[in-house]
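Got the viewer open? Keep the selection tool handy and follow along, one stop at a time.

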Amino acid sequence: MIPPPIQQLLLTALYAAFAEWAEKFAFACRKGCATCCTRSVTMTSLEGGGIMAFLTAMDRLAELTAPAFQPTPNRMAQCTTNTFVGAHLKGKSVEEEENWDLRPCPFLKEETCSIYPVRPFGCRLFVSLAPCDTCGVAEMPPGYLAGATALLQCIEHLDNGGAWGIMTEVLSGLNTGRTDGFGEPTAPIPGFLIAPDEHALVEPLLQGLLTLEIAGQPFKQWLEDARL
Ligand code: SF4
Ligand code: SF4
């Protein structure tokens, strides 16, 4: 397992690599546009560690005891990103439950994210080429989701021994020290779901990330170390 401070360095580097890659797209997203900010955001406990440190530094940890952060049994996410991709690579169909909680995220204050510097990757990747409130759904460029999903997989892989689940519930688990009922165990990368016509867009993102030098060795080596 990678020491937590290095895990956080790797996470920060991954966020930066993704932001640089995504700059090429003309997204309509802007401050104050927040219909996508719901309580269905999922993340790993690794990302949760960064949010916990932020809330601690801002003296805001008490927010996690609010009812909005307590688990709702019939709304639990059950299939991690790597579990989902692994099943698809084996040709198995995956049942996705339609039980997402679309009430506003409790970190949304005055239509603005109150944990913006440490928001999880699930928030960073959610974008649209046209405002969602006018077209009803998010419009993403072809291949964009394949790149974002590959990085979601890397985060989950780095969080060996951690948990994956609904953001509010993972945070509640971290805050209480409980491991039961607050997320699914993370899984290693089983491969990537990148279609042939998505390679040209996604490969520069993945290769750029894997060859990044972090704390004395390439990101790719850290991914290998994560499972030791
Ligand atoms: S994804 Fe949609 S709702 Fe969210 S910021 Fe972008 S345009 Fe607005
Ligand atoms: S954490 Fe921030 S960006 Fe993510 S859903 Fe909540 S308010 Fe929106």
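Select phenylalanine 219 and show what surrounds it: leaving aside residues up to four places away in sequence, it touches Leu10, Leu14, Leu158, Leu209, Leu210, Leu212 and Ile214. Keep in mind as you look that this is a predicted model.

Now widen the selection. Phe219 belongs to the largest nonpolar core, a set of 36 residues, and is among those that touch the most other members, along with Leu14, Phe18, Phe121, Tyr144 and Leu151. To see where the core comes from, colour helix 1 (4-22), helix 6 (144-158), helix 8 (199-210) and helix 9 (219-225), the elements that each give two or more residues to it. Helix 1 supplies the largest share, with 10 residues.

There is a second, separate core to pick out, this one of 15 residues; Met52, Cys105, Met167 and Val170 are among them.

Next, switch to cartoon and go to the sheet. It is open, has 3 strands in the order 1-4-5, and pairs them antiparallel. Strand 1 (42-44) and strand 5 (184-185) are the edges: each has a single partner strand, so one side of each has no neighbour in the sheet. Zoom in on strand 4 (residues 163-166), which pairs with strand 5 in the antiparallel sense over 2 bridges. Alanine 163 is a good residue to click here, with proline 185 in strand 5 as its bridge partner. Then bring up helix 7 (residues 167-176), which packs on the sheet and touches strand 1 and strand 4; its direction makes about 130° with that of strand 4.

Time for charges: the structure holds 4 salt bridges. Start with aspartate 101 and arginine 39, whose side chains meet at 3.7 Å, N to O. Aspartate 101 sits in the loop between helix 3 (81-89) and strand 2 (108-109), and arginine 39 in the loop between helix 1 and strand 1, so the pair ties together parts 62 residues apart in sequence. Are these two buried or exposed? Aspartate 101 is buried, at 7% relative accessible area, and arginine 39 is buried too, at 12%. Add Arg103 to the selection and you have a salt-bridge network of Arg39, Asp101 and Arg103.

Last stop: glutamate 63. Its salt bridge with arginine 60 has the closest N and O atoms 2.7 Å apart, and it also meets lysine 109 in a salt bridge at 3.9 Å, N to O. The lysine 109 pair links distant parts of the chain, from strand 2 to the loop between helix 2 (45-57) and helix 3, 46 residues apart. Turn on a surface to compare the three: glutamate 63 is partly exposed at 23%, arginine 60 is buried at 14%, and lysine 109 is partly exposed at 40%.

How values were computed. Residues are numbered from 1 along each chain as its sequence is written. Chains are lettered from A and ligands numbered from 1 in the order in which they are written. This is a predicted model: local features need pLDDT of at least 70, side-chain atom pairs count only at pLDDT 80 or more; totals for chains, interfaces and linings use all residues. Side-chain values use heavy atoms; hydrogens and water are left out. Two strands pair if DSSP finds at least two bridges between them. Helices (H or I, at least four residues) and strands (E, at least two) are DSSP runs, numbered from the N terminus. Contact means heavy atoms within 4.5 Å. Axes are lines fitted to C-alpha atoms, for helices over the stretch in contact, and angles run from 0 to 180 degrees between N-to-C directions. A nonpolar core is a set of buried Ala, Val, Leu, Ile, Met, Phe, Trp, Tyr and Cys residues joined through side-chain atoms within 4.5 Å. Buried means under 20% relative accessible area, exposed over 50%, partly exposed in between (1.4 Å probe, protein chains only).
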